[in-house]
Amino acid sequence: RFVHEELRKRILNTPNVHLHEIDGTDDHVHMAVSVPPTLTPSTWIGQLKGGSSHEINRRIRPSGKCLQWQAGYGVTSFAT
């Protein structure tokens, strides 16, 4: 769950973004977030994936393991 905690930290540090929930499994993440219309999802997701993998790999590298994100992601938009 290192990944979920790292993502949570990064989401909470993103201005004007509200984290509703983050969950998943060891190899799959689901997030429910509210984002402002000025935030470009592809850029933001890229930053989340890049920054979190860099930090996680720095922490787990001595174990010989490596976090690698899949190439894509999915976004679903919904309203209240």
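How many residues line the largest pocket, and which of them lie nearest its centre? In this predicted model, the lining comprises 39 residues, and those nearest the centre are V29, H30, M31, I45 and G74. The volume of this largest pocket is about 1,300 Å³. Helix α1, strands β1 and β2, and helix α2 each contribute at least two residues to the lining. These four elements may be taken in turn, beginning with the strands.

Strand β1 spans residues 18–25 and strand β2 spans residues 28–34. The two strands pair in the antiparallel sense, with seven bridges between them. One of the pairings places E21 opposite A32, its bridge partner in β2. The connection from β1 to β2 is a hairpin of two residues.

Helix α1 covers residues 2–12, and its buried residues are V3, H4, E6, L7 and I11. Viewed down the axis of α1, these buried residues fall within an arc of 165°, and they therefore line one face of the helix. A general property of helices is relevant here: an α-helix has 3.6 residues a turn, so residues three or four places apart point the same way. The cover over the buried residues of α1 includes β1, β2 and α2, the last of these being the helix of residues 41–60.

The charged side chains of the helices come next. In general, side chains of opposite charge can pair when their charged atoms come close. The model contains four salt bridges, among them two that involve E6 of helix α1. In the pairing of E6 with K9, the N to O distance is 3.3 Å; both residues belong to α1 and stand three residues apart, about one turn of the helix. In the pairing of E6 with R10, the closest N and O atoms are 2.8 Å apart. Because E6 and R10 are four residues apart in α1, about one helical turn separates them.

Are the three participants buried or exposed? E6 counts as buried because its relative accessibility is 3%, which is under the 20% limit. K9, by contrast, has a relative accessible area of 43% and is therefore partly exposed. R10 is likewise partly exposed, because its relative accessibility is 27%.

Helix α2 also carries a salt bridge, formed between the side chains of R58 and E55 with an N to O distance of 2.6 Å. R58 and E55 both lie in α2 and are three residues apart, about one turn of the helix. E55 has a relative accessible area of 16% and is therefore buried. As for shared partners, salt bridges join E6, K9 and R10 into one network.

The elements thus return in more than one setting. Strands β1 and β2 and helix α2 are included in what covers the buried residues of α1, and α1, β1, β2 and α2 each supply at least two residues of the lining of the largest pocket.

Technical notes: Residues are numbered from 1 along each chain as its sequence is written. This is a predicted model: local features need pLDDT of at least 70, side-chain atom pairs count only at pLDDT 80 or more; totals for chains, interfaces and linings use all residues. Side-chain values use heavy atoms; hydrogens and water are left out. Two strands pair if DSSP finds at least two bridges between them. Buried means under 20% relative accessible area, exposed over 50%, partly exposed in between (1.4 Å probe, protein chains only). The arc is that of the directions from the helix axis to the C-beta atoms. Contact means heavy atoms within 4.5 Å. On a 1 Å grid over the protein atoms alone, a cavity is a set of points where a 1.4 Å probe fits but cannot get out, and a pocket is an open set with protein on both sides within 12 Å along at least five of seven lines; lining residues have an atom within 4 Å of a point. Grid points are joined across faces, edges and corners, and a volume is the space filled by probe spheres set on the points.
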